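Please look at the sequence and the structure together, and keep both in view while you read. The paragraphs that follow begin with a single helix and then move outward to other parts of the fold.

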Amino acid sequence: MAKVTEKVSRAGAGLKKVVPRSVPRFSLRRDVPMTLAAVAFLAAYAWPILDPGLEPERVALCRSVTAVTWLVFVVDYVIRFAGAEQRWPFVRQHPLDLAIVVLPILQPLRLLQLLTLLSVLNRYAGGSLRGRVALYVGGASAIVMFVASLAVLDAERGDPEANIGGFADALWWSMTTVTTVGYGDHFPVTTTGRFVAAGLMLAGIALLGVVTASLASWLLDRVQDIEDDSAQATHGDIKTLVEEVAALRHELTEARGTGGGPDSSRG
C-alpha cells in the first residue's frame, strides 16, 4: 500500500510540473466541454457541405446539432455575464465569446482552446510568449481557412456563374486570400460569398500583422542577445586586465619590501 501511495504522489508531482500554474483547474473543466461543443458544431456544419448528397434526415440532424451547440454557448455566456462582478469589463475582456454568440459561424474559433490544452503538455510553448503566439496563429489560420472554405462553398454552390465548384477550389481560394496573394483564378460571385471574402481578408491582414510583429520581436531579441554577449565579453576582458594589473602591483610591492629593487643591489 505504501508503494502505491508513493507512486501516486510521484505522479501528482509530475503533473504539477507539466501543468503550469497559469492554467486554473476550473478553466480547464469549463474549456474542455465547450471545446468539444465547438468540435461538434464544426463537424455538423461541415458534413452537409462536404457531402451534398447527404440524406435529409442526417441534414436535419446536423442542423439540430448546430442549433444545440449554439444554445450551449449562449447559456454559458449568459451565466458568466450574470455572475461577473463587473459586467461591462467582462464584455470587453471576452470579445470572442460575444462574437460566437452573435455569429454562430465563429464557433469553431473556440477550438483554439485545444491549443491552450496542448500548450499545457508543451512546456516550452506554454512558457514562451513567442511559442504561444506561434501556436495560436497557426491554429487560427488553419481554422479560419477551413471554415471560410466551407462557408464560401456553401454560398457559391448552385450559382450558375460560380467558379468555386468544389472544396478543393474553396480551400485554394481561402489560402490565396488569407495570405493576401489573391491569384484571381477563383473568386466569389454571390453576396454572401463576398461577405465571407471580406471577413477572410480582414483575418488575413490581422494574422500577417501578428506574424510580422513576432518575427520583428525575435530579430530584436537576437540582436539584444548578441549585444549582451559582446558587453559581457568586454566586461570579462576588462576584469581580467584589472586583475593582472593588481597582481603586478602586488609583485612590485613585495619586491620593494624585501629589498629586491634596483637600489638594493647597489648597496
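In helix 5 (residues 95–102), one side carries Pro-95 and Val-102, which are exposed, a word that here stands for over 50% relative accessible area, while buried stands for under 20% and partly exposed for what lies in between, all with a 1.4 Å probe and protein chains only. On the other side of helix 5, the residues Asp-97, Ile-100 and Val-101 are buried. These buried residues lie on the same side of helix 5 because they cover an arc of only 100° around the axis, where the arc is that of the directions from the helix axis to the C-beta atoms.

The model is a predicted one, in which local features need pLDDT of at least 70 and side-chain atom pairs count only at pLDDT 80 or more, whereas totals for chains, interfaces and linings use all residues. Residues are numbered from 1 along each chain as its sequence is written, and side-chain values use heavy atoms, with hydrogens and water left out.

Taken as a whole, the protein has eleven helices and zero strands, where helices (H or I, at least four residues) and strands (E, at least two) are DSSP runs numbered from the N terminus. Of its 267 residues, 29% count as buried. Among contacts (heavy atoms within 4.5 Å) between residues at least 6 apart in sequence, 62% join residues at least 24 apart.

Which residues are linked into a cluster by ring pairs? They are Tyr-77, Phe-81, Trp-88 and Phe-90. Rings of Phe, Tyr and Trp (its six-membered ring) pair if their centres lie within 6.5 Å, and planes under 30 degrees apart count as stacked, over 60 as edge-to-face and the rest as tilted. The structure holds seven aromatic pairs, and Tyr-77 with Phe-81 is stacked because the ring centres are 6.4 Å apart and the planes lie at 10°. Both of these residues belong to helix 3 (residues 56–83), where Tyr-77 and Phe-81 are four residues apart, about one turn of the helix. Tyr-77 counts as buried at 9% relative accessibility, while Phe-81, with a relative accessible area of 23%, is partly exposed. Phe-81 also forms a tilted aromatic pair with Phe-90, at 6.4 Å centre to centre and with 55° between the planes, and Phe-90 counts as buried at 9% relative accessibility.

Further along the chain, Glu-156 is found in helix 8 (residues 129–156). Glu-156 is buried yet has no salt bridge, and the nearest side chain of opposite charge, Arg-194, is 6.9 Å away. Here Lys and Arg count as positive and Asp and Glu as negative, with His and the chain ends not counted, and a salt bridge is a side-chain nitrogen of Lys or Arg within 4 Å of a carboxyl oxygen of Asp or Glu. Leaving aside neighbours within four places in sequence, Glu-156 is in contact with residues including Ala-162, Phe-187 and Gly-193.

Finally, Trp-172 is found in helix 9 (residues 167–178) and counts as partly exposed at 36% relative accessibility. Not counting residues up to four places away in sequence, Trp-172 touches Tyr-183, Asp-185 and His-186. The C-alpha atoms of Trp-172 and Ser-149 are separated by 8.3 Å, although these residues are 23 residues apart along the chain.
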